[in-house]
Amino acid sequence: MTNSTSKVMPKSPITLIQNPKSGHCHKVSLFMALNAIPYATIEPDMASGEHKSERFSALNVFKQVPVITDGDITLADSNAILIYLIHAYADSDYWLGKDAKEKALIQRWLSVSAGELAKGPAAARLEYIFGATIHVPTVLATSATLLENMEAHLSNSKSTFLVGDHITAADIAMYSYMAHAPEGGISLDKYPHITEWLRAIEGLNGFVSMPSSDIAPARN
């Protein structure tokens with residue numbers, strides 16, 4: 001994918017420490033793939049608790065993935081990593097907005113990705129994929145509100161994307177867990193504009209998918 005950036009690429013591939021079925025991790029790898037940023041992955045044995053080790057906590061005190069290392073820089077948190085990669089290796093106006101309004105609208109979706117998306121569709125999927133304990137009524141209500149609001153936003157937009165006329169950090173932040181929401185029993189069948197948005201991202205040059213899991217019985 002091209003976005004008229006002239007930024008220099010990293011001297012050596014960025015290391016992405018990840019769980020391949022984590023949407024937080026996938027947003028990082030998706031961004032790097034779309035921008036042809038070289039990277040290599042490390043996958044700690046999370047089932048055995050490797051990510052809770054003292055060695056890993058030196059990389060991220062919260063003991064979570066993703067974590068990247070880029071030379072002498074180590075960063076955790078998917079949205080923070082995304083912001084770093086954009087400023088270091090991409091066109092920040094393209095991905096984060098060219099004026100105050102666009103920047104604010106994109107930031108709003110980054111907040112939604114860490115809020116309603118994480119507490120809704122992502123949490124529903126956690127129960128099925130990773131065996132997490134969730135409060136199902138709250139998760140389903142949060143998911144329904146998010147899906148309705150996002151569908152309305154996209155249906156009223158002149159663009160297929162969330163902000164402006166091309167993909168931005170807003171779309172990257174929202175894509176992975178939304179695309180895999182059915183794995184948590186959150187059906188997207190009633191949301192044609194969201195489905196169109198997903199297909200638009202998947203059609204981009206350089207797109208990489210996150211490994212799929214079984215579709216769960218619909219519960220919304």
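Is A36 buried or exposed? Select A36 and show the surface: its relative accessible area is 60%, over the 50% cut-off, so A36 is exposed. Keep in mind as you click around that this is a predicted model.

**Stop 1: A36 and D77**

While A36 is selected, look at the backbone. The phi angle of A36 is near 55°, a positive value in a residue that isn't glycine. You'll find A36 in the loop between helix 1 and strand 2 (39–42).

Now jump to D77, another non-glycine residue with a positive phi, this one about 80°. D77 sits in the loop between strand 4 (73–76) and helix 3 (78–89). With a relative accessible area of 45%, D77 is partly exposed.

**Stop 2: the whole chain**

Zoom out and colour by secondary structure. You should have 10 helices and 4 strands on screen. Trace them from the N terminus and the order reads β-α-β-α-β-β-α-α-α-α-α-α-α-α. The protein has 220 residues, and 47% of them are buried. Take the contacts between residues at least 6 apart in sequence: 71% of these join residues at least 24 apart.

**Stop 3: helix 1 against helix 9**

Select residues 23–34, which is helix 1, and residues 169–179, which is helix 9. Their axes come within 8 Å and cross at roughly 130°. The two helices are therefore oblique to each other, and helix 1 passes helix 9 in a right-handed crossing.

Turn on side chains to see who meets whom:

- From helix 1, pick G23, H24, H26, K27, L30, F31 and L34.
- From helix 9, pick I172, A173, Y175, S176 and Y177.

Colour that contact by residue type and you get 7 nonpolar, 4 polar and 1 charged.

**Stop 4: the aromatic pairs**

Which rings pair up with F31 and Y175? The structure holds 5 aromatic pairs, and we'll visit two of them here. Start with F31 and W95: the ring centres are 4.9 Å apart and the planes stand at 75°, so this is an edge-to-face pair. F31 belongs to helix 1 and W95 to helix 4 (residues 92–96), so the pair ties together parts 64 residues apart in sequence. Try a surface on either ring: F31 counts as buried at 0% relative accessibility, and W95 is buried too, with a relative accessible area of 0%.

Next, select Y175 and F207. They form an edge-to-face pair as well, at 5.6 Å centre to centre with 85° between the planes. Y175 is in helix 9, while F207 is in the segment after helix 10 (192–202), so this pair ties together parts that are 32 residues apart in sequence. Y175 is buried, with a relative accessible area of 4%.

Before leaving the rings, add Y94 to F31 and W95: these three form one aromatic cluster.

**Stop 5: T168**

Stay with Y94 and W95 and bring up T168. T168 touches both of them, along with I106 and V163, leaving out residues up to four places away in sequence. Where is T168 in the fold? Look in the loop between helix 8 (136–155) and helix 9. T168 has a relative accessible area of 2%, so T168 is buried.

**Stop 6: S113**

Move to helix 5 (residues 100–114) and select S113. At 2% relative accessibility, S113 counts as buried. Which residues does S113 touch, not counting those up to four places away in sequence? Show K27, N79, A118, A173 and M174. K27 and A173 should look familiar, since you picked K27 from helix 1 and A173 from helix 9 at the helix crossing.

**Stop 7: V8**

Finish towards the start of the chain, in the segment before strand 1 (14–17), where V8 is found. V8 counts as exposed, at 66% relative accessibility. Setting aside neighbours within four places in sequence, V8 is in contact with A88 and Y89. Draw a distance between the C-alpha atoms of V8 and A88: they are 80 residues apart along the chain, and the separation is 8.2 Å.

Technical notes
Residues are numbered from 1 along each chain as its sequence is written. This is a predicted model: local features need pLDDT of at least 70, side-chain atom pairs count only at pLDDT 80 or more; totals for chains, interfaces and linings use all residues. Side-chain values use heavy atoms; hydrogens and water are left out. Axes are lines fitted to C-alpha atoms, for helices over the stretch in contact, and angles run from 0 to 180 degrees between N-to-C directions. Angles under 35 degrees count as roughly parallel, over 145 as roughly antiparallel, 65 to 115 as roughly perpendicular and the rest as oblique. A crossing is left-handed if the near helix is turned anticlockwise from the far one by less than a right angle, and right-handed if clockwise. Contact means heavy atoms within 4.5 Å. Ala, Val, Leu, Ile, Met, Phe, Trp, Tyr, Cys and Pro count as nonpolar, Asp, Glu, Lys and Arg as charged, and the others, Gly among them, as polar. Rings of Phe, Tyr and Trp (its six-membered ring) pair if their centres lie within 6.5 Å; planes under 30 degrees apart count as stacked, over 60 as edge-to-face and the rest as tilted. Buried means under 20% relative accessible area, exposed over 50%, partly exposed in between (1.4 Å probe, protein chains only).
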